[in-house]
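Ready for a few short exercises with the structure open beside you? Try each task on your own before reading the worked solution.

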Amino acid sequence: MFAIAWKSLRNRWPTALLAILAIVMSVALILTVEKIRRDARSSFTQTVSGTDLIVGARSGAVQLLLYSVFRIGNATNNISWESVQDIAQRPAVDWMVPLSLGDSHMGYRVVGTDNGFFEHFRYGNDRSLVLAEGRQFDDVFDTVIGSEVAEQLGYTLGQSIVVAHGTGNVGLVEHDQQPFRVSGILARTGTPVDRAVHVSLEGIEAMHVDWQSGAKVRGEGTSAEVIRTMDLQPKAVTALLVGLKSRGMVFREQRAINTYREEPLLAILPGVALQELWGLVGVAENALFIVSVSVVVCGLINLVSVLLAGLNERRREMAILRSSGARPLHVFILLCIESTLLTVVGVILGLALHYLLTLIGGQWLQHRYGINVPFAWPGRNDLVILLSIIVAGFLAGLLPAFSAYRKSLADGMAQRL
């Protein structure tokens, strides 16, 4: 029966090909959407690890997480340096990394921090940052750039770059009188660190020496040598990454910071904020999955249509099979085998197309959105989806099979005028 079904499909290859293509596109779409959804969540989850608290101006937990970790959006306010020192002196605090945002370079965010950032920042499974080339900050005007910044802009060690005021793709006002020198290039992490230009907190203050109230003072042009001799202690920062000596103190310290009397502050747990973020985008995830399932259903409907449309042309073929000794049950089984074969071939080719899309689009997603889409063999969920599609393909063949089952030998051999 399998041999007959295969030869029958080969004889009707144009219509069979249409059914297979519909299933191929359906399988590739649903697998690709599911993989991007899982890998996007994994990339977001693994962006920061080992940080117990993130502290910023009082706003929303998701907003604080987005601008401090993912460099999306802007802060509503800053944290005064006095408050930073108070938090750093708390007995439960083991380490603290300040972050200062607000400037950019060629569309990439500039992050003001200190060398503690390269020591304490963790991502993935407690992985630390590694310098692919060069060294950390050694001068006020040193900068350590992410791997994507170096790759996309073609920067090398020792090259001078000019930071612009603001966070747009095109800086309206540049700090051209205080250029920075690339002192280090970080190894790829698959996180927003790859798309950031890191400078020291003193560097942030240095390039704003000739600025007042957010605007450049006309006629001022302090030289770099003079700036290096100034007191460049920051007056405020945007956010803090805090590590505690004991995880058991996290809720007590969070409550203490949230009730800080000197200024309104917000301390969040990164994991809890990430869950809240996924709760917000869960509707979009479900919508994508529904669209993918709808495409699969359309592919199966197309399969049924192809089989039903071909029944009228195959009535004489069925009659010959009946006259050769085939029973109605054999005809029923033959149609079921054909629909299953079409589905299996479509699933195999769809899986191949899925991997092709992953290999081609993975690099683009990594560079464009920082979503790491690694090559991986089908997991349990993928196998369940593929098996469900094969079963659905078999079930879809029951309708045309039952229709062929009901046709009699006399009906098939009858000559129509």
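A residue is called buried under 20% relative accessible area, exposed over 50%, and partly exposed in between. Keep in mind that the model is predicted.

**Exercise 1. Two residues with a positive phi**

Task: Find where Arg-71 and Met-106 lie, and decide whether Met-106 is buried or exposed.

Solution:

Step 1. Start with the backbone angles. Met-106 is not a glycine, yet its phi is positive, about 55 degrees. Arg-71 is not a glycine either, and has a positive phi of about 60 degrees. Both deserve a look, because most residues other than glycine have a negative phi.

Step 2. Place them on the chain. Met-106 sits in the loop between E3 and strand E4 (108-113). Arg-71 belongs to the loop between helix H3 (61-69) and strand E2 (79-80).

Step 3. Apply the cut-offs. Met-106 has a relative accessibility of 55%, so this residue counts as exposed. Arg-71 has 10%, so this residue counts as buried.

Step 4. Look back along the chain from Arg-71, which follows H3. That helix is mostly covered, with seven of its nine residues buried. The buried residues of H3 include Val-62, Leu-64, Tyr-67 and Val-69.

**Exercise 2. Three salt bridges and a network**

Task: For the salt bridges of Asp-142, Glu-151 and Glu-253, name the partner and describe how covered each side is.

Solution:

Step 1. Recall the principle: side chains of opposite charge can pair when their charged atoms come close. The cut-off here is a side-chain nitrogen of Lys or Arg within 4 Å of a carboxyl oxygen of Asp or Glu. By this rule the model has 12 salt bridges.

Step 2. Take Asp-142. Its side chain meets that of Arg-135 in a salt bridge, at 3.2 Å from N to O. Asp-142 has 0% relative accessibility and therefore counts as buried. Arg-135, at 36%, counts as partly exposed.

Step 3. Move on to Glu-151, which pairs with Arg-188, their closest N and O atoms being 3.0 Å apart. This pair links distant parts of the chain, 37 residues apart: Glu-151 is in helix H6 (residues 147-153), and Arg-188 is in the loop between strand E12 (180-186) and strand E13 (196-200). Glu-151 is partly exposed, at 48% relative accessible area. Arg-188 is also partly exposed, at 35%.

Step 4. Finish with Glu-253, whose side chain forms a salt bridge with that of Arg-252 at 3.5 Å, N to O. Salt bridges with shared partners join Arg-90, Arg-252 and Glu-253 into one network. Arg-252 has a relative accessibility of 46%, so it counts as partly exposed. Glu-253 has 3%, so this residue counts as buried.

Step 5. Place Glu-253 in the fold. Helix H9 (residues 250-258) contains Glu-253. From C-alpha to C-alpha, Glu-253 and Val-93 are 8.7 Å apart in space, although 160 residues separate them in sequence.

**Exercise 3. The second largest pocket**

Task: Which elements give two or more residues to the lining of the second largest pocket, and how many nonpolar, polar and charged residues does this lining have?

Solution:

Step 1. Get the volume: the second largest pocket holds about 460 Å³ of space.

Step 2. Identify the elements. Strand E3 (93-105), helix H7 (201-206) and strand E16 (236-237) each give two or more residues to the lining. The largest share, four residues, comes from E3.

Step 3. Find the centre. Of the 20 lining residues, Asn-78, Ser-100, Leu-101, Ile-204 and Thr-238 lie nearest to it.

Step 4. Sort the lining by class, which gives six nonpolar, 10 polar and four charged residues.

**Exercise 4. A nonpolar surface patch**

Task: Which residues form a nonpolar patch on the surface with about 620 Å² of accessible area together?

Solution:

Step 1. List the members: Leu-356, Leu-359, Ile-360, Phe-375 and Trp-377.

Step 2. Place one of them. Leu-356 lies in helix H12 (residues 328-369).

Step 3. Check its cover against the cut-off. A patch residue needs over 30% relative accessible area, and Leu-356 is partly exposed, with 46%.

How values were computed: Residues are numbered from 1 along each chain as its sequence is written. This is a predicted model: local features need pLDDT of at least 70, side-chain atom pairs count only at pLDDT 80 or more; totals for chains, interfaces and linings use all residues. Side-chain values use heavy atoms; hydrogens and water are left out. On a 1 Å grid over the protein atoms alone, a cavity is a set of points where a 1.4 Å probe fits but cannot get out, and a pocket is an open set with protein on both sides within 12 Å along at least five of seven lines; lining residues have an atom within 4 Å of a point. Grid points are joined across faces, edges and corners, and a volume is the space filled by probe spheres set on the points. Ala, Val, Leu, Ile, Met, Phe, Trp, Tyr, Cys and Pro count as nonpolar, Asp, Glu, Lys and Arg as charged, and the others, Gly among them, as polar. Patches are made of residues with over 30% relative accessible area and no salt bridge: like charges are joined within 9 Å, nonpolar side chains (Val, Leu, Ile, Met, Phe, Trp, Tyr) within 5 Å. Accessible areas come from the Shrake-Rupley method with a 1.4 Å probe; for residues, only the protein chains shown count as cover. Buried means under 20% relative accessible area, exposed over 50%, partly exposed in between (1.4 Å probe, protein chains only).
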